[in-house]
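Reader: I would like to go through this protein step by step. Please give the rule behind each term as it comes up.

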Amino acid sequence: MTRSPEPNRKRQRIDRHQQHSGESASTSTIMTRSRSRSTAQPLPANAVVSAPLAAVHEPGSSVSSKGALTNFGDESEVLESHQDSIVLTSKMLSELGSDQEVISKLGEAFSEPCTLARSFPQADALWAVDCPVDAADVRAAYSFIFENTSTEVHDELQRLTVDAINTMNAEPCDEHDIQMSAVLIMLLNPKITEYVNGDSTPVFPELCSAIMNQPSSQRTSLMQYFATSDAAPNTRDSLPYTAVTGVRTIPDEQLLGSDSEQASFERYVDIFQSYVTQEMVKAAQRVARPAAAGGEPTTQKVSLHGLSSCSLLAVVQCMALVNSYNNTHKMVSYTAFYNDAVNEHIDIKDDVPRFRMPDGVSFCGYPFLLSPTTKSEIIRIESVILMRTELQDSFFRAMFSGVTCPYLVLEVRRDNLVRDTLYQLDLKFSQDLRKQLKVRFVGEEGVDEGGVQKEFFQLIVRDVFSSKYGIFRASENSHFYWFRPLVAPGKDALEEIRLTGQLIGLAVYNAVILDIHLPPAMYKKLLGVPVTRDDLREVDPELHHGLMQLLNLTPDELEFLERTFEVEYEDLGELHTHELIPGGAQTLLTTDNRNLFIDKYVDFVFNSSCEQQFAEFKGGFDRICGSSYVRYMRPQELELLVCGCSDLDFAALERSTIYDGGYTKSTVVIQYFWQVVSEFTDELKRKLLFFATSSDRVPIGGLSKLHFVIAKNGGDSDRLPTSHTCFNVLLLPEYSTLDKLRERLLTAIHNSEGFGMI
């Protein structure tokens, strides 16, 4: 798991524990509150304050707002000291003699949310700092109930849970910090997503509404509980005590609890995901078409707007809160929030227009749920809508102002692609760029139905990134391109950079995948995401390694380097220097400022050295995609959208291929074809893709998403295979032998540039 930039939470609680362990336990009074009254109870001088009680102590006192860190020894002392305050634990339940006693005890615990919050206290004060609820004990209690009691108890637990949730929504309480403990306890119920109100409406959305109605600080506390409630129990019993103070201490090597925190947080994400999946599947089944004779029902697409009856919106909004916390603290991968059921059943054609409405309710407004494949489909539909609008507008303008071309037409020469394209795009208005693209190579007869433009993009991108233009460069150890530092970029260079941004925008708008090698940092900057030191590793691995080595040098070694806060770079054969900070030429690198030096150097590479170049590049890209759904994507997803994925899974392509003209998957020549292809290297496989589709890139979702057709093109002959690249159709004669097919196919794919009329 990627670590959060904040200090390690376990180290924080140990420091706080050690700070308090040396103090005398002089706290003599602690306030306990309910909805109707506030009382003061004296405590023994050597008492250990249980987590739920400590959690409601007034801020600023010697007791933490999350838990007390006074003195503690054996965990059983906590429960013995305050068993009158603790309402419920799994041990209490297991000691009851009958189901009626269990029901009575549950009724006491669930009588009010604040009462429920004083159940299942975290006995270990060290862990109570992060979460006052013992999640393991809560799970043990639910396990006991569902495995050892009757359905009468189960039904009563459901009724009590529903009443507690309704109480939280109907009677606001100022004890929000306590209520978050109650929310956590109810979320840990394995059947919480199945519970319904008396009118059969799901209760889980109401619990989510209760969460969203809490103050921001308490919602954040709940997110912290998600990260830590299940992280503690696995390691708690094995932690050593110090002999003098009776306080547990944790060696430094055990502080990195990232795996346990990740697993803890992901368990709660799964609770929300399970409900969303459950409701999406139910909704799809409700609108399913009746089954044909001998067939299965055909499920239909559903939109978030149409799911208002199950209040799914409240759950999705709550998931947005969890996702926001995860974006900051990097608890789990962002892919954990993708929901397969949403991506399978979402009605994109209905959701996209609603998303553009001022008060529209749409899954598009919650992009963390959507996979890159779904997002690319949203962008495609957006583009189609705009293209149709521009097509209609062109016809209307033609009626009043003369003939207007309904397409964005580029006529280019193969030997002058960049100049021809730059000149023609400069003459276009913004609305022209939103038309459907048509490319024609001068002197060739090919009609562009998609294939010509794909080859156009492949060729012009190759030209723009070539060394003859000098706009981009790649280090010897990296295949990624980045801007070349320029003291004063010329007008021509800036125009070519802007063209590059426009080309990438046009490719996205027209659903063309590019063979382009830009580092993750480029996509981050396009989406306004800050770059980091790690991004430098992709652009210049050697430089990144050198900068990281500075962190391992001793003061004497740094002094020997005599390095200042300056950077040297070459522009047109001349050496230039740049000060990383004001007065950098006079500022020596030391152990005290080396982190600043590294950060400023990274900032120079990604920002200062290419400020003008990137501004032009982004301006060109935003001219096409600035208002599209692209801005809701993550950098990794945008990279997939632009470049496609790298997995050449031809087995998936074989399974999804469509056959036409008399061929089937069992036809002998088809079996020959896949046998030959399976022997190809990755390079030959990419050549085959380029020959058949005019692109050697794999679409988002893999080759199974490529609509690939193999059609019969006559009987056995010496003719080469041909293709309709606009429609991804390979025209294959029915060759008589395996060797003949191999020879003819290899000849074709090695000579596949150019278009003609068949």
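Reader: How many helices and strands are there in the protein?
Author: This is a predicted model, so local features need pLDDT of at least 70 and side-chain atom pairs count only at pLDDT 80 or more, while totals for chains, interfaces and linings use all residues. Residues are numbered from 1 along each chain as its sequence is written, and side-chain values use heavy atoms, with hydrogens and water left out. Helices (H or I, at least four residues) and strands (E, at least two) are DSSP runs, numbered from the N terminus. By that rule the protein has 33 helices and twelve strands.

Reader: What share of the residues of the protein counts as buried?
Author: Buried means under 20% relative accessible area, exposed means over 50%, and partly exposed lies in between (1.4 Å probe, protein chains only). Of the 758 residues of the protein, the buried share is 50%.

Reader: What part of the area that the protein exposes do carbon and sulfur atoms supply?
Author: Accessible areas come from the Shrake-Rupley method with a 1.4 Å probe, and for residues only the protein chains shown count as cover. The protein exposes about 35,000 Å². The part supplied by carbon and sulfur atoms is 50%.

Reader: Among contacts between residues at least 6 apart in sequence, what percentage joins residues at least 24 apart?
Author: A contact means heavy atoms within 4.5 Å. Among the contacts in the protein between residues at least 6 apart in sequence, the percentage joining residues at least 24 apart is 71%.

Reader: Is Lys524 buried or exposed?
Author: Lys524 sits in helix H23 (residues 520-526). Leaving out residues up to four places away in sequence, Lys524 touches Val529, Pro530, Val531, Thr532, Asp535 and Pro635. Its relative accessible area is 18%, so Lys524 is buried.

Reader: How many salt bridges are there?
Author: Side chains of opposite charge can pair when their charged atoms come close. A salt bridge is a side-chain nitrogen of Lys or Arg within 4 Å of a carboxyl oxygen of Asp or Glu. By this rule the count is 27.

Reader: Which residue forms a salt bridge with Glu108?
Author: Glu108 is partly exposed because its relative accessibility is 42%. Its partner is three residues apart from it in helix H5 (residues 99-109), so about one helical turn separates the two. The closest N and O atoms are 3.5 Å apart, and the partner is Lys105.

Reader: Which residues are linked with Arg159 in a network of salt bridges?
Author: Arg159 forms a salt bridge with Asp163, with 2.9 Å between the closest N and O atoms. These two are four residues apart in helix H9 (residues 151-170), so they are separated by about one helical turn. Arg159 is partly exposed at 40% relative accessibility, and Asp163 is partly exposed at 33%. The residues linked with Arg159 in the network are Glu156 and Asp163.

Reader: What is the N to O distance in the salt bridge of Asp350 and Arg354?
Author: Asp350 and Arg354 are four residues apart in helix H17 (residues 348-355), so about one helical turn lies between them. Asp350 is partly exposed, with a relative accessible area of 23%, and Arg354 is partly exposed at 22%. Their side chains meet in a salt bridge with an N to O distance of 3.2 Å.

Reader: What is the phi of Phe120?
Author: Phe120 lies in the loop between helix H6 (113-116) and helix H7 (125-128). With a relative accessible area of 4%, Phe120 is buried. Although Phe120 is not a glycine, its phi is positive, at about 50 degrees.

Reader: Which residues make the nonpolar surface patch of about 430 Å²?
Author: Patches are made of residues with over 30% relative accessible area and no salt bridge; like charges are joined within 9 Å, and nonpolar side chains (Val, Leu, Ile, Met, Phe, Trp, Tyr) within 5 Å. One member of this patch lies in helix H18 (residues 372-401) and counts as exposed at 59% relative accessibility. The patch is made by Phe396, Met399 and Phe400.

Reader: Which residues form the negative surface patch?
Author: Asp and Glu count as negative and Lys and Arg as positive, while His and the chain ends are not counted. The place of a charge is taken as NZ of Lys, CZ of Arg, CG of Asp or CD of Glu. One of the patch residues, Glu562, lies in the loop between helix H26 (555-561) and strand S7 (566-571) and is exposed at 62% relative accessibility. The patch is formed by Asp556, Glu557, Glu559 and Glu562.
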